[in-house]
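Here's a protein to walk through together. Take a look at the model below, and then we'll go through it piece by piece.

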Amino acid sequence: MCSSVYIIFRLFYYSLFAWIILSWIQVPHDHPIGQLKSVLEKFYERLLNPIRTRVPVLRVGMAGIDLSPLILIFVFNIIQPYVLRIFC
């Protein structure tokens, strides 16, 4: 049970990093990578929208940096040891 919870956390982190990288790339929706991007986007948008409403976009010149994925990673790094302690 412990290893499966750990694998779920790792899968969450890797898919979040994949979504972050794919969000910078324009991919057609009919391409397999575009389909993966849209699935990850639907999942992570539900988690990131509450954070985005509370944390403003960091403005650097004309560009904006969305800090919500970093905050989500930070929160899950805080939660992970407690969840692992419960299930292990």
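What percentage of the 88 residues of the protein count as buried? The answer is 25%. Keep in mind as you look around that this is a predicted model.

Let's start with the overall layout. The protein has 3 helices and 2 strands, and if you read along the sequence, they come in the order α-α-β-β-α. So much for the parts list; now for the overall dimensions. Along the principal axes, the C-alpha atoms fill a box of roughly 45 × 30 × 15 Å. The radius of gyration is 15 Å, whereas a compact globule of 88 residues would come in near 12 Å.

How do distant parts of the chain meet up? Take the contacts with a separation of 6 or more: 58% of them are between residues 24 or more positions apart.

Now for the inside. The largest nonpolar core is made of 14 residues, and the ones with the most contacts inside it are Phe12, Tyr13, Leu16, Trp19, Tyr44, Leu48 and Leu72. Three helices each chip in at least two residues to this core: α1 (2–23), α2 (32–54) and α3 (68–87). The biggest giver is α1, with 7 residues. As a general pattern, nonpolar side chains in soluble globular proteins tend to be buried together.

Phe12 is a good place to zoom in. Leaving out residues up to four places away in sequence, Phe12 touches Phe43, Tyr44, Leu47, Leu72 and Phe76. Two of the names there, Tyr44 and Leu72, also turn up among the core residues with the most contacts.

Next, compare two residues of helix α3. Leu70 is found in this helix, and so is Gln80. Is Leu70 buried or exposed? Leu70 counts as exposed, because its relative accessibility is 55% and the cut-off for exposed is over 50%. Gln80 goes the other way: it counts as buried because its relative accessibility is 9%, and buried means under 20%. Gln80 has company, too. Not counting residues up to four places away in sequence, Gln80 touches Tyr6, Phe9, Arg10 and Tyr13. As for Leu70, its C-alpha atom is 24 Å from that of Gln35, with the two residues 35 apart along the chain.

Finally, step back to the outside. The accessible surface comes to about 6,600 Å², and 71% of that belongs to carbon and sulfur atoms. The protein also carries 8 positive and 4 negative charges, and their mean positions are 11 Å apart.

Conventions: Residues numbered from 1 in each chain as written. Predicted model: local features only at pLDDT ≥ 70, side-chain atom pairs only at ≥ 80, totals over all residues. Heavy atoms only, no water. Helix = DSSP H or I, 4+ residues; strand = E, 2+ residues; numbered from the N terminus. Rg over C-alpha atoms; globule rule 2.2 N^0.38 Å. Buried < 20%, exposed > 50% of the residue type's maximum accessible area, 1.4 Å probe, protein only. Contact = heavy atoms within 4.5 Å. Areas by Shrake-Rupley, 256 points an atom, 1.4 Å probe, with all protein chains shown as cover. Lys, Arg positive; Asp, Glu negative; His and termini not counted. Charge placed at Lys NZ, Arg CZ, Asp CG, Glu CD. Core = buried A, V, L, I, M, F, W, Y, C linked by side-chain atoms within 4.5 Å.
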